[in-house]
Amino acid sequence: MNAWIRTLRGVLAGILLLALPGLPAHAGEKLRVATEGAYPPFNYVDARGELGGFDVDIAKALCRAISAECDFVAAPWDGIIDGLEAGKYDVIAASMAYTEERARRVEFTDRYYRTTSSFVARRGSTLDTSVEGMRGKTVATQRSTVHADYLAATYGSSVTLKITDTQEGAFDLLVAGQADAVLCNSLTVLGFLRSDKGRDFAYIGEPLTGKNLSSSAHIALRKGNVRLRDAFNKALQEIRISGEYDQINQKYFPFSIY
Amino acid sequence: MSPAPAPAARSEGKATGILGRRIGLVPASRLLGAAMVAAVGVLALLVVYAMDSISDQALDTRDRVLPGIMESQRTMLNVERLLRFGESVALAADQAARHDALNLAQTLAQAMFYEQDRRVSDAAREAFHTIRRIAELRDQEEALLAMGQGAQALLLRHEAARAWGETAARIEELSRSVSRDAVRVTAENFTSIAGRARRSMLAAAAALGCVLLVALAAVAFIRRHILAPALQAAGGLERIGRHEQEVRLPAARIREFDMVNRAVERLGALLVQNAERRRELVAEIAERQAVEEQLASLNRRLEDLVGERTRDLEAQAAKLQAANARLRDLDELKSGFLSSVSHELRTPLTSIFGFVKLVARDFSRHFVPLAESEAQLRKKSASIQDNLGIVIEEGERLTRLINNVLDLSRIESGRMPWNDRRLALRACLGQAAESVAGRFAPFTRTRLVVDAPAGLPDLHADPDRIKQMLINLLDNAAKFAPGGEVRLTASDGGAGRARITVSDNGPGIPAGDLEGIFNRFQQAGSVEKQAGKPTGAGLGLAICREIAEHYGGSIWAESEAGRGSSFHVDMPGIGPAGEEPQSEA
């Protein structure tokens with residue numbers, strides 16, 4: 001009789017063990033999430049001084065989905081990966097676009113939104129965004145972005161590149177007339193165009209898709225943290241299915257940006 | 001997603017009615033158990049397969065259908081928004097609103113560059129530019145209106161509206177088509193999923209059917225080969241128990257049940273036999289009881305009979321005792337009678353004898369010489385002497401006979417006084433020979449030789465009787481061997497016994513008479529006839545035997561016809577003086 005009970009217990013334990021993967025693997029895990037805080041509407045510092053935005057909301061939703069405790073920190077965009085590597089934080093949720101160069105240094109989750117990149121100039125501008133058309137023009141963009149790389153790679157020295165620390169800085173240059181155009185992702189451009197500052201500005205030229213520029217935004221984790229990466233991917237699917245993603249999406253954009 | 005497992009041949013190895021073998025209960029139950037386990041295993045596999053299939057289909061739904069649906073939903077939403085924004089651009093009066101809508105529309109159009117459907121992304125690209133142109137037209141229109149050129153403004157307005165109408169229509173048519181496509185793809189997906197589900201179900205049903213078959217086969221097997229025999233055996237046992245009759249049970253496929261059935265049949269047969277035996281036993285017992293009854297009654301009768309007999313016997317015994325007493329009295333009487341008679345006889349006989357002797361003597365002394373001269377007187381006197389001699393002889397013989405009769409009677413009745421003394425054989429023989437000297441030479445032609453060596457045992461006996469015995473023997477020898485030789489010898493008979501032998505060379509005694517001569521009144525008839533005259537009474541040898549046997553000895557005769565006879569007396573002797581005499585008890 002005792003042997004029977006022991007066997008039964010063993011079998012039950014085995015079954016439970018098998019079921020374990022179903023349990024939240026990261027329950028109670030503490031994660032530090034870094035974002036720039038200067039890239040509205042994706043990440044910014046709100047009126048109360050707290051970090052907010054699409055990126056932050058998505059990150060919060062994902063953390064909830066994996067039952068981890070996430071704290072948000074602001075980090076300058078330039079060198080944000082260095083901070084991750086140094087262990088200052090565990091996650092970067094800052095609309096980081098996928099590049100191969102970056103992928104060598106971090107683990108990227110699946111994309112959590114997509115966007116094209118566009119030039120912005122004064123309304124009615126006849127600026128031709130081809131290489132020839134842009135000769136001699138001034139284009140502003142944020143440092144260490146794919147846009148900066150693209151501009152440098154495509155236009156080389158025929159345009160004057162003005163690199164700013166923040167994207168806002170680039171728009172300010174445009175508004176101040178110190179730049180003829182700004183290259184940025186269109187969703188951020190939308191925010192600028194709909195603001196007071198951007199009243200007189202509009203898209204010019206042909207939008208650039210992923211063929212020209214990396215266009216999908218991913219969450220970055222320390223290289224090797226595949227467990228967390230897979231967990232975030234699964235969580236991303238979950239929030240998409242549950243409708244939470246759409247909720248967050250609708251909060252910031254009147255259309256789906258996935 | 002794995003295909004349904006092929007149902008294995010489940011009836012392998014089971015002893016069904018098709019196979020003619022008889023199997024044991026243990027192997028059969030093992031097979032059944034294995035079949036059950038296999039069926040359960042198949043069921044478990046089925047369940048797992050079903051679960052797996054469900055999970056597959058759920059995953060399929062999630063991975064193929066759901067994204068498609070979500071994608072098409074997203075597209076629909078964006079298309080709807082684009083149309084709304086575009087419409088605003090085309091129709092809104094307020095420039096600020098128009099510009100806002102333009103920005104939104106252009107941004108949205110850019111987002112739609114990534115649509116999977118090439119038609120949609122192309123349309124979005126076109127819309128990006130078209131909406132911008134429409135916005136420019138509207139701005140121009142507004143400017144013209146501000147300058148008062150209403151008609152041209154209206155033209156522009158119409159142009160804008162027319163352009164937007166075209167675009168919108170195209171986009172709408174596109175979106176409907178995309179929607180239809182999406183629905184179709186989804187339907188196809190679900191159909192394929194449903195198809196796979198149906199195939200899984202069929203496989204599961206087939207497997208389940210097989211399992212059911214196995215179960216049915218097992219049940220049928222159990223019913224036919226386990227339950228049925230068990231019930232039959234039970235029924236048989238019950239019948240046996242109730243009626244004590246024989247039962248016949250059919251053969252069972254399973255060995256153990258067959259054994260049980262045979263055992264039940266044997267039990268029935270045994271019980272029937274037992275019943276028979278019981279009846280026989282009862283009958284036997286009844287018989288025995290009857291016999292016992294008989295025996296008992298016989299016993300009782302026997303007791304009565306025995307009682308009767310005993311009384312009879314007792315009466316007879318009493319009678320016999322009385323008779324015995326009478327006999328003894330008679331014997332006494334007889335002996336007395338004999339003694340007195342013989343005594344009485346002897347007295348006149350003695351007188352007769354004596355006087356005849358006197359007469360003979362006197363005659364021969366006084367009258368025979370006188371008759372010498374006369375021849376006739378001489379003849380007559382001789383004849384008278386002969387006659388006297390005969391009377392004397394007969395007288396002597398009668399005397400001897402009477403003496404013998406008396407002696408015999410006395411010996412038989414135990415009245416003979418036995419004055420036993422130590423006797424020397426030589427002396428006995430000598431005295432006996434002296435007594436019968438007159439029968440032998442020189443008085444007759446018969447010679448007597450006496451041979452009594454020394455060193456022979458002595459006798460312890462009555463000398464008169466011994467002498468009497470010897471004299472009888474010698475007389476007989478002399479009588480039957482006239483002119484021959486008679487030897488009287490004594491010898492050692494061995495073991496302290498003495499042997500006396502009287503032998504003659506007469507005609508002998510026929511073998512058939514050797515025993516009988518010792519009986520009373522018996523003589524060797526033929527010899528007597530030869531001799532012409534009876535000379536004895538037949539009692540001599542009887543007396544010799546009586547005497548010999550009195551002293552524990554024996555007497556017998558050896559003879560061959562024509563070659564003489566030997567009479568042997570064997571008697572126990574005694575050793576030299578001082579030893580215990582050996583006398584009869």
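This short presentation covers one open sheet and the largest cavity of the structure.

Colleagues, this is a predicted model, in which local features need pLDDT of at least 70 and side-chain atom pairs count only at pLDDT 80 or more, while totals for chains, interfaces and linings use all residues. Residues are numbered from 1 along each chain as its sequence is written, chains are lettered from A and ligands numbered from 1 in the order in which they are written, and side-chain values use heavy atoms, with hydrogens and water left out.

I begin with the sheet. Five strands of chain A (strands being DSSP runs of E, at least two residues, numbered from the N terminus) form an open sheet in the order E10-E9-E11-E8-E12, with mixed pairing. Pairing requires that DSSP finds at least two bridges between two strands. At the edges are E10 (160–164) and E12 (201–208) of chain A, each pairing on one side only. Within the sheet, E8 (residues 117–122) and E11 (residues 181–185) of chain A run antiparallel over four bridges, and A:Ser117 stands opposite A:Asn185 in E11(A).

I turn to the cavity, a set of points on a 1 Å grid over the protein atoms alone where a 1.4 Å probe fits but cannot get out; lining residues have an atom within 4 Å of a point. Of the 20 residues lining the largest cavity, the closest to its centre include A:Tyr39, A:His147 and A:Asn185. A:Asn185 thus returns here, having stood opposite A:Ser117 in the sheet. The largest share of the lining, four residues, comes from E6(A).

How values were computed: On a 1 Å grid over the protein atoms alone, a cavity is a set of points where a 1.4 Å probe fits but cannot get out, and a pocket is an open set with protein on both sides within 12 Å along at least five of seven lines; lining residues have an atom within 4 Å of a point.
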